[in-house]
Amino acid sequence: MGERVPNDVVEDILGQLPVKSLTRFRCVSKSCDSIITDPTFIAKHFNLNLNQSESLISTNAHSGYLLYTTKDENSSPSSKHLCTVVCNNDRTLTQISRFEIPSLFEKYSIVGFCNGLFCLASRDYDLNHIIYLWNPSIRMFKKLLATPLTDEVHKRFKLSVVGLSYNSQNNDFKILRLLSVGPEAEAEIYSLSTDSWRKVVISLESFRAYEPNFGGIFDIDLPCIFFNGALHTVAWTCRRPIILSFDVNDESFREIMLTPNHLRASVVTHFTQHALFKGSLALFTFAQSHAGVLCHIWVMEEYGVAESWTRKYSVPMIWVSVGNFYGCTDNGELLIKNATGLVSIDPESRKQNILAIEDADWVGFMANSMESLILLNGVPQSRARQMV
């Protein structure tokens with residue numbers, strides 16, 4: 001009779017396996033299921049995958065991963081899918097995953113994604129306080145209930161901005177919810193480790209010293225980008241727009257001043273959006289000028305230093321409307337939906353590459369791709385139809 005393999009050895013072996021295999025091995029034995037569902041193992045497996053995915057970025061094997069959602073009109077009833085493709089160095093795309101999006105999420109949009117988790121929220125007033133965390137690789141989700149809008153707040157409500165982040169110091173996912181409700185913006189933070197919401201104060205004392213009469217934040221813009229350990233969104237004061245950053249480690253707000261020149265190069269500014277450009281925070285201003293529609297790309301070369309804003313490119317292009325600019329690839333190509341479909345544009349050569357993706361209604365990009373067991377104790381996706 002063979003000797004029993006020690007649990008720590010089994011755990012080390014299981015820790016090297018992909019998520020799909022682990023979900024299957026839960027059925028092998030009670031001991032395997034006990035190991036795989038243990039929070040300590042889930043955290044260990046997550047950190048191992050995170051380190052591996054980050055190490056692959058430096059290999060330059062490809063240009064990152066493009067994510068998009070699309071409807072499958074051939075299925076009955078029609079279903080929506082989340083697809084991930086690898087952006088190969090020869091500018092071709094290779095699909096690596098395709099997950100059905102639960103019908104429960106029909107009125108919700110993806111507002112953030114981080115390390116295998118997706119955050120979905122609705123702009124509908126009545127659904128605004130409901131947020132979902134979804135792990136498509138294990139087909140599990142978690143419903144989060146934020147603070148509902150009171151009747152008084154409802155009257156002043158303009159917009160909510162939701163961002164998903166990962167706190168590396170204590171291995172925790174956090175969600176920031178910003179509400180634009182009249183003369184002042186409000187904020188609350190959710191922690192997955194404690195499964196709770198709490199309000200946080202938007203304190204900008206250093207900005208008040210610089211602009212004592214700035215009057216507070218009265219409006220906020222989409223999206224909310226996670227970068228350099230903080231979430232970033234454009235916020236508007238009565239004096240000027242700023243980038244509002246929220247450090248997820250110490251849970252403090254800071255302001256990043258925008259360059260005062262970012263609107264001066266154009267006659268009419270159609271819209272401005274922030275995104276990442278080659279690993280730096282950047283501002284993209286789409287404007288009408290004497291040369292036609294231009295995208296001015298301003299890059300913050302030294303993070304947090306307002307004086308380091310530099311205009312890198314002014315790219316002529318076909319008309320682009322709000323919501324049709326999806327950010328940039330790792331090598332700095334702009335992801336845009338125009339009359340020809342979804343394209344990537346090289347700001348240096350100005351060459352346009354038509355991407356072989358049809359009917360995408362949401363597009364995202366990430367440098368590294370990973371799967372995890374986070375939310376393994378959540379609601380199975382198979383139960384989503386029963387909750388609609």
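**Salt bridges, sheets and backbone outliers**

Biologist: R254, buried or exposed?
Modeller: In between: R254 is partly exposed, at a relative accessible area of 39%. Buried is under 20% relative accessible area, exposed is over 50%, and partly exposed lies in between, with a 1.4 Å probe and protein chains only. Those areas come from the Shrake-Rupley method with a 1.4 Å probe, and for residues only the protein chains shown count as cover.

Biologist: What kind of model is this, and how are residues numbered?
Modeller: This is a predicted model, in which local features need pLDDT of at least 70 and side-chain atom pairs count only at pLDDT 80 or more, while totals for chains, interfaces and linings use all residues. Residues are numbered from 1 along each chain as its sequence is written, and side-chain values use heavy atoms, leaving out hydrogens and water.

Biologist: Back to R254. Which residue does R254 form a salt bridge with?
Modeller: D247, with the closest N and O atoms 3.6 Å apart. A salt bridge here is a side-chain nitrogen of Lys or Arg within 4 Å of a carboxyl oxygen of Asp or Glu. D247 is buried, at 18% relative accessible area. Elsewhere, salt bridges with shared partners join E11, D12 and K44 into one network.

Biologist: How many salt bridges in the whole structure?
Modeller: The search finds 13. One of them pairs K80 with D361, with 3.3 Å between the closest N and O atoms. K80 is in strand β2 (residues 79–87) and D361 in strand β25 (residues 360–366), so this pair ties together parts that are 281 residues apart in sequence. Strands are DSSP runs of E, at least two residues, and helices are runs of H or I, at least four, numbered from the N terminus.

Biologist: K80, buried or exposed?
Modeller: Partly exposed, at 28% relative accessible area. D361 is partly exposed as well, at 41%.

Biologist: What does K174 pair with?
Modeller: K174 forms a salt bridge with E251, the closest N and O atoms being 2.7 Å apart. K174 sits in strand β9 (residues 172–180) and E251 in the loop between β15 (241–247) and β16 (252–257), so the bridge ties together parts 77 residues apart in sequence. K174 counts as buried at 5% relative accessibility, whereas E251 counts as partly exposed at 21%.

Biologist: What do β15 and β16 form?
Modeller: A hairpin with 4 residues between the strands, and E251 in the turn has a positive phi of about 55 degrees. The strands pair in the antiparallel sense over 6 bridges, with L244 opposite E255 in β16. Pairing requires that DSSP finds at least two bridges between two strands.

Biologist: Where is K278, and what is its phi?
Modeller: K278 lies in the loop between β17 (268–277) and β18 (280–289). Its phi is positive, about 50 degrees, although K278 is not a glycine. Most residues other than glycine have a negative phi, and most peptide bonds are trans. K278 counts as partly exposed at 44% relative accessibility. L375 also has a positive phi, near 80 degrees. L375 is in the loop between β25 and β26 and counts as buried at 6% relative accessibility.

Biologist: What joins L222 and P223?
Modeller: A cis peptide bond, with omega about -5 degrees. P223 is in the loop between β12 (217–220) and β13 (225–227). L222 also touches S160, whose contacts beyond four places in sequence are N128, L178, L179 and L222. Contact means heavy atoms within 4.5 Å. S160 belongs to strand β8 (residues 159–167) and is buried, at 10% relative accessible area.

Biologist: Sheets next. What is the strand order in the open sheet with β26?
Modeller: The order is β4-β5-β6-β7-β26, 5 strands with antiparallel pairing. β4 (109–114) and β26 (379–380) stand at the edges with a single partner strand each, so one side of each has no neighbour in the sheet. Inside that order, β6 (residues 130–135) and β7 (residues 140–145) pair over 6 bridges, and I131 has L144 in β7 as its bridge partner.

Biologist: Which residues form a nonpolar patch on the surface?
Modeller: V5, V9 and I13, with about 240 Å² of accessible area together. Patches take residues with over 30% relative accessible area and no salt bridge, joining like charges within 9 Å and nonpolar side chains (Val, Leu, Ile, Met, Phe, Trp, Tyr) within 5 Å. I13 is in helix α1 (residues 7–15) and is exposed, at 51% relative accessible area.
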